[in-house]
Structure formats: structure tokens, C-alpha cells
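Hi everyone, thanks for making time this morning. Let me put the structure up on the screen, and then I'll walk you through a few places in it.

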Amino acid sequence: LVSYNHPFWSMESEERVLSYENFFSVEIYNTGSYRLNGLENGEGIYDKMLRKGMQNRSVDPFFRQIRAQDGTIMNDGSRTFTPDEILRAMSGLGLEYIEWGSDVHAPCTDIEKLREIAALQKEYGIECSSYGTYFRLGETPIGELEHYIEAARILETNILRLWCGRMSGAAMTEEERSELLSLCRKAADIARANGVILCMECHKKTFTEVPEDAVTLMKAVNS
């Protein structure tokens, strides 16, 4: 499953964005990015994707209201609704997949809440495509990764999204880079032992900010 996130922040041309095929969802609105730089309000590009024939079957969970207008799904970035309200709205629109965040809706330490969400997913026929953690390699103790993996299991997904450091590779010293990659190898070993997949957030001010460093990371962990 491939989702296109940050279509504006990715700095790709509209022509190139519209040339892509076979991804199952697109991030329509990102509150943090919009507040930071006025970008990431992708309603226009999303409308063009729909007119081109794209069929979106998933939506980012962080929305205040979601509605259908002439086949268009709208998302404005709020996290204030409950899991039940979110899943009910998604079910009503025929959506099938969701990524829960560990910061608000699905904290890895709240086992009871995670089980409630898993039960709601079954009730509404929605699957968890991935677990959006706020585990940050180089900052969060590596021993805590097991808690996030257990949370992902409860949500019935084997894909976890992590953050890699707090600065770009270009801004790191060789020692900092070496230490971070060593932690990445440890995380990869934990993931292999538990049969899960770790996906790095490709974000500004992280090690995976640019493709070259993302490749360096993949080679370092033999992935």
C-alpha cells in the first residue's frame, strides 16, 4: 500500500504529481505544514486527481470533518474526534484503511484503548494499514520500541512509522551519523525478531530528509 504524503512539501511539479498511478491515498491537508509555511492544502490537486480517475480508499485520520461533495473527500487536519467518530465517518464513505497516531488516538502504553480501537475497526470494517508512531531514533530509548510493536500488533498491523533523528545527515558530524546508524541497526534487528516493518518518516530535519541519506540508512541496516 502506497500513500502520497506532503505533495506540496515534496516540491514536485503538479504535472509530475498527476503522472503518478497506483497509490491508494493522498494527504489532503497537513495542519503542521500549513501553519509553518502556508502549504499543504492539497484540495485543488486532489480534485484534479479525482477528475483524472484516481480512486481514494483511505484517508489520514487527523480531520475535523469529512464529507463527500461530488465525489471529493475533504480533510482539514484536526485530531479532536474520537476513534469511534472517525471510523463511523470513514465507514459511511466506504473508506477501508487508516493509520493511527501514537500521540493522540492510540498511545502505545494504553493497552485498553488500543483494544477498544481494534474492536471498533472490526465493527466498522476498517483495517489499520500502519501505526504512525512518534518514536524518534536517537532520542526515544531503543528499549521502548517493543511497546510500539506490541501496540501495532493489537491494532493488527505489522507496519510502524518512525522518525530518524532530529537533523539532516548533512548537519551531522561523522560521530553523530555513526551513532544514529548504529541505533538504526539495533531497531532493525528488533523489527526482524518481531516480524514487523519499520518505515522512516522522510521529513525535513531528519536523517531521511533526502533520498541519498535514506539509501545510506537502508544499506546500513541491510534492508
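Let's start at Leu180, which counts as buried because its relative accessible area is 6%, under the 20% cut-off. Please keep in mind throughout that this is a predicted model. Leu180 sits in helix α7. If we set aside neighbours within four places in sequence, Leu180 is in contact with Leu137, Gly138, Cys164, Gly165, Met172 and Phe207. There is also a pairing with Glu139 to look at: 41 residues separate Leu180 from Glu139 in sequence, and the C-alpha to C-alpha distance is 9.6 Å.

One of those partners deserves its own moment, and that is Leu137. Beyond its neighbours within four places in sequence, Leu137 is in contact with Ile142, Leu162, Trp163, Cys164, Gly165, Leu180, Leu183, Cys184, Ala187 and Met200. So which residues have the most contacts inside the largest nonpolar core? They are Trp100, Tyr131 and Leu137, in a core of 41 residues. Several elements each give at least two residues to this core: α4 (83-92), β5 (97-101), α5 (111-124), β6 (127-137), α6 (145-154), β7 and α7. With 7 residues, α7 provides the largest share of this core. Apart from it there is another core, made of 8 residues, including Tyr4, Val26, Ile28 and Tyr46. As background, nonpolar side chains in soluble globular proteins tend to be buried together.

Now, a charged residue. Is Arg161 buried or exposed? Arg161 is buried, because its relative accessible area is 19%, and the cut-off is under 20%. You'll find Arg161 in strand β7, residues 159-164. Its side chain is joined to that of Glu99 by a polar contact of 2.4 Å. Leaving out neighbours within four places in sequence, the residues in contact with Arg161 are Glu99, Tyr131, Gly132, Thr133, Cys199 and Glu201. Tyr131 is a name you've just heard, as one of the residues with the most contacts inside the largest nonpolar core.

Let's move on to empty space. The second largest pocket holds about 360 Å³. Which residues lie nearest its centre? They are Leu198, Met200, Met218, Val221 and Ser223, out of 19 lining residues. Met200 is also among the contacts of Leu137. Three elements, α7 (174-194), β8 (197-200) and α8 (211-220), each supply at least two residues of the lining. Here again α7 gives the largest share, with 5 residues of the lining. By class, the lining of this pocket has 15 nonpolar, 3 polar and 1 charged residues.

Before I finish, two backbone spots to look at. Glu156 has a phi near 65°, a positive value in a residue other than glycine. Glu156 lies in the loop between α6 and β7, and counts as exposed because its relative accessibility is 54%. The other spot is Asn222, where phi is near 55°, again positive in a residue other than glycine. Asn222 belongs to the segment after α8. With 68% relative accessibility, Asn222 counts as exposed.

To recap the helix we began with: α7 holds Leu180, gives the largest share of the largest nonpolar core, and gives the largest share of the lining of the second largest pocket. Thanks for listening, and I'm happy to go back to any of these spots.

How values were computed: Residues are numbered from 1 along each chain as its sequence is written. This is a predicted model: local features need pLDDT of at least 70, side-chain atom pairs count only at pLDDT 80 or more; totals for chains, interfaces and linings use all residues. Side-chain values use heavy atoms; hydrogens and water are left out. On a 1 Å grid over the protein atoms alone, a cavity is a set of points where a 1.4 Å probe fits but cannot get out, and a pocket is an open set with protein on both sides within 12 Å along at least five of seven lines; lining residues have an atom within 4 Å of a point. Grid points are joined across faces, edges and corners, and a volume is the space filled by probe spheres set on the points. Helices (H or I, at least four residues) and strands (E, at least two) are DSSP runs, numbered from the N terminus. Ala, Val, Leu, Ile, Met, Phe, Trp, Tyr, Cys and Pro count as nonpolar, Asp, Glu, Lys and Arg as charged, and the others, Gly among them, as polar. Buried means under 20% relative accessible area, exposed over 50%, partly exposed in between (1.4 Å probe, protein chains only). A polar contact is a pair of N or O atoms within 3.5 Å; within protein, one must be able to donate a hydrogen and the other to accept it, and residues adjacent in sequence count only if both atoms are side-chain atoms. Contact means heavy atoms within 4.5 Å. A nonpolar core is a set of buried Ala, Val, Leu, Ile, Met, Phe, Trp, Tyr and Cys residues joined through side-chain atoms within 4.5 Å.
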